[in-house]
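Colleague: Could you take me through the model shown here, giving the criteria behind each term as we go?

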Amino acid sequence: MNNELRELYQEVIIDHGRRPRNFKVLQEYSHSQEGYNPLCGDRLQLFLLIRPGPEQVIEEASFLGEGCAISMASASLLTECLKGKTIAEAQTLFQQFHQLLTGDTAVQAEPEKLGKLQVLAGVRAFPTRIKCATLAWHALLGALNEDEDKPEAWVTTE
Amino acid sequence: MNMRDRIPGKETQGLVDNSLTFDIDAVRENFPILGRRVYDQPLVYLDNAATSQKPREVVDCIQTYYLQTNANVHRGVYHLSEEATSAYEASRDKVQRFLNAKSRKEIIFVRGTTEAINLVAHCYAKPLLSPGDEILISTMEHHSNIVPWQIICNQTGATLKVIPINDAGEIEQDAFTTMLNPRCRLLAITQVSNALGTINPVRQMIKQAHQQSIPVLIDGAQAVPHLQVDLQALDADFYAFSGHKVYGPTGIGILYGKQELLEKMKPYQGGGDMISRVTFAHTDYNELPYRFEAGTPNIAGSIGLGSALDYINAIGLDQIARHEQALLVYATEQLSSIDGLRLIGTAKHKAGILSFVMAEAHAHDVSTILDQSGIAIRAGHHCTMPLMAHLGIAATARASLALYNNRADIDALLAGLHEVKRIFK
C-alpha cells in the first residue's frame with residue numbers, strides 16, 4: 001500500500017465507515033436534510049436537534065444513509081463532533097473542514113479546531129473523492145439553512 | 001500496410017497462451033497508451049465499456065487527415081475537398097460492409113449512440129405516437145435508451161413499458177412475449193448490457209416483434225466491439241453504435257435505419273448539407289443519408305471510425321470474440337475465488353463485462369485503491385440507475401474487456417482486489 005492510500009484509509013476511517021456512529025433517526029429532531037450525489041449514488045439524511053434560544057446549541061446529531069467508506073466515515077465523525085456546538089461554531093467547522101480538504105486559501109487554517117476530523121486530511125490527495133467526504137457537510141449547511149428556498153429537496157456536492 | 005504484416009498471429013499461436021488466436025503482445029504494441037505508467041505502475045485499462053483505447057493507426061489516420069487533406073466535404077470544387085469527401089464517404093461504405101447493411105443510404109453519421117436514439121425518437125417515433133400507445137424497453141437499458149423515450153412519451157401521452165429481467169440479468173422472455181401488443185409502436189433494447197454484460201437474444205426478439213408488425217431499435221453500443229453484427233440477418237429496423245467504443249474516436253457514431261423507414265422520416269435538424277433546394281418559402285430535403293446530416297459533419301471522426309473498422313477487420317471479430325470470451329471465463333473464475341465478492345450479471349450468454357460488489361468495500365473505495373496500482377475500472381451506476389434500483393444496489397465496480405487485455409491484466413486486478421480486502425479487513 002502506498003502512503004497516499006495509507007493516509008486515506010486510516011483505521012479510524014475504516015472503523016467509522018464500517019460502524020458509523022449515531023446511525024439512526026433521532027426520536028426528536030428540529031432539522032433534517034438529505035444529501036445525494038447522483039453520479040456516484042451516495043445518499044444520506046442528516047438529523048439535528050437544535051434547542052431554540054440565544055445560543056442555538058446542537059444537542060443531538062445523527063444520520064442514515066449508504067455510500068463509500070469516506071462518505072460514511074465523514075458523516076459519522078461529523079455527527080460526533082457537532083454535539084454541543086452552536087450553529088456559529090458548526091459553520092466555522094464547515095469552513096475549516098473545507099479548508100482542510102481543498103486548501104482554500106481564503107480561509108485561515110486552524111487545524112486544532114478540527115480535532116479528530118483531521119483524519120480525513122488524506123482525502124486531499126484524491127480530488128475525485130472530496131465530494132464523498134463533504135456530502136454530509138453540505139447536508140449540514142442545508143439543514144441549517146432550512147428556511148431558505150432550495151431548488152431541490154436534497155443537496156449535492158457534485 | 002496490412003495489419004496481418006504487423007500481427008504475427010498464427011506462427012506464435014500456442015507459445016504465448018493456448019486460448020489466444022492472435023499475438024496479444026503484438027496487438028498491445030499497436031496501442032501506445034498501454035505503454036504508459038500511472039502512479040509509476042503499468043496502466044491496466046479495464047474500462048473498455050466506457051471507452052476503448054485507440055490503435056496508433058487510427059490516431060495517425062486522423063492526424064494525416066488534418067495535416068494533409070483537411071477541407072469541407074460535399075461542396076468544394078477543388079482537389080482537397082474531393083479527397084476529403086471521398087475519404088468521408090469511403091468510411092460510410094466501410095460501416096455498411098462492417099454491419100452488412102443493404103445500402104449505404106442506410107448509414108447515417110451521428111455523434112454517437114445517444115444521438116442516434118434521439119434521432120429515431122424524434123423523427124420516427126414521435127410523429128406516430130398517440131395517447132395509449134406504448135414504447136417497449138427493458139430493465140437493463142442505459143439512460144440513453146430510456147430518457148429519449150420518456151421525453152417523447154411525455155410529449156405525446158404514450159406510455160413507456162419495461163420488460164422485466166431475472167436474477168441472472170436476462171430478459172424474461174415470457175413476459176416479453178405477453179407485452180407485445182397492437183398498441184406497441186416500437187421495441188428499443190440493448191444487444192449487450194453495459195452494466196451486466198448480458199447478450200440479449202435480439203434476433204429472436206426482433207422476429208417476435210415483427211410478427212406483430214412492431215419495429216425494433218437495437219442499441220449496439222456494447223455489441224459492435226465484441227460480436228459480429230449482420231444487419232440483414234438480424235433484420236433490425238434501426239441500429240445504433242458509437243465509434244469510440246470500437247477503437248475509434250469520440251464524437252462519431254452511426255445510426256442505421258432501413259431505407260423504407262428513413263425515406264418516410266422528416267429530419268429534426270435543419271441546416272447545410274441536408275437540403276437539395278431552399279427558398280424562404282420552402283425547402284426540399286436532400287436524399288438519404290444526407291437528409292439527417294445537417295451541418296458540417298465530424299469528417300475526421302468518421303474517417304477515424306473507418307480506420308478503426310479496418311483495424312478490427314484485419315484481426316477479425318471472430319478472433320477478437322474468441323479471445324475476449326476466453327479471458328471472460330478466466331476473469332470470472334478468478335473473481336469468483338474472492339470471498340465476499342458477488343458478480344452482478346451472470347447470464348448464460350455474456351460479453352466481457354464483469355460487474356461486482358464486495359462485502360467489505362464500496363465500489364468507489366475499490367476503484368480508488370485499484371487506481372493507485374494503475375488499474376482503471378468503473379465504479380458507479382453505469383448510467384443504469386433504474387437497473388441498479390431493481391437490483392437493490394447503489395453502485396457496482398465494473399471491469400470490462402477489450403481485444404488488448406490479457407491474463408496479466410486480470411491477475412493485476414486480482415492482486416488489487418486482495419489489497420482492498422487487506423485495507424478493509
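The exchange below turns from the conventions to the interface, the cores and one buried residue.

Modeller: This is a predicted model, in which local features need pLDDT of at least 70 and side-chain atom pairs count only at pLDDT 80 or more, while totals for chains, interfaces and linings use all residues. Residues are numbered from 1 along each chain as its sequence is written, chains are lettered from A and ligands numbered from 1 in the order in which they are written, and side-chain values use heavy atoms, with hydrogens and water left out.

Colleague: What is the area buried between chain A and chain B?

Modeller: Contact here means heavy atoms within 4.5 Å, and on that basis chain A brings 21 residues and chain B 14 residues. Buried area is the accessible area (1.4 Å probe) that two parts lose on being put together, summed over both. Carbon and sulfur atoms give 57% of a total that comes to about 1400 Å².

Colleague: Which side chains meet in a salt bridge across the interface of chain A and chain B?

Modeller: The rule asks for a side-chain nitrogen of Lys or Arg within 4 Å of a carboxyl oxygen of Asp or Glu, and across this interface it finds one such bridge. The N to O distance is 2.9 Å, and the partners are R129(A) and D365(B).

Colleague: Which helix of chain A gives the largest share of the largest nonpolar core?

Modeller: A nonpolar core is a set of buried Ala, Val, Leu, Ile, Met, Phe, Trp, Tyr and Cys residues joined through side-chain atoms within 4.5 Å, where buried means under 20% relative accessible area (1.4 Å probe, protein chains only). The largest one has 78 residues, of which Y9(A), L48(A), V366(B) and L417(B) touch the most other members. Helices are DSSP runs (H or I, at least four residues) and strands likewise (E, at least two), numbered from the N terminus; the share in question is ten residues, from α5 (residues 130-144).

Colleague: With which side chain does the side chain of D133(B) make a polar contact?

Modeller: D133(B) sits in the loop between α5 (113-128) and β5 (134-138) of chain B, and is buried, with a relative accessible area of 1%. A polar contact is a pair of N or O atoms within 3.5 Å; within protein, one must be able to donate a hydrogen and the other to accept it, and residues adjacent in sequence count only if both atoms are side-chain atoms. The side chain of D133(B) reaches the backbone nitrogen of S130(B) at 2.8 Å. At 3.3 Å, its side-chain partner is R185(B).

Conventions
Buried means under 20% relative accessible area, exposed over 50%, partly exposed in between (1.4 Å probe, protein chains only).
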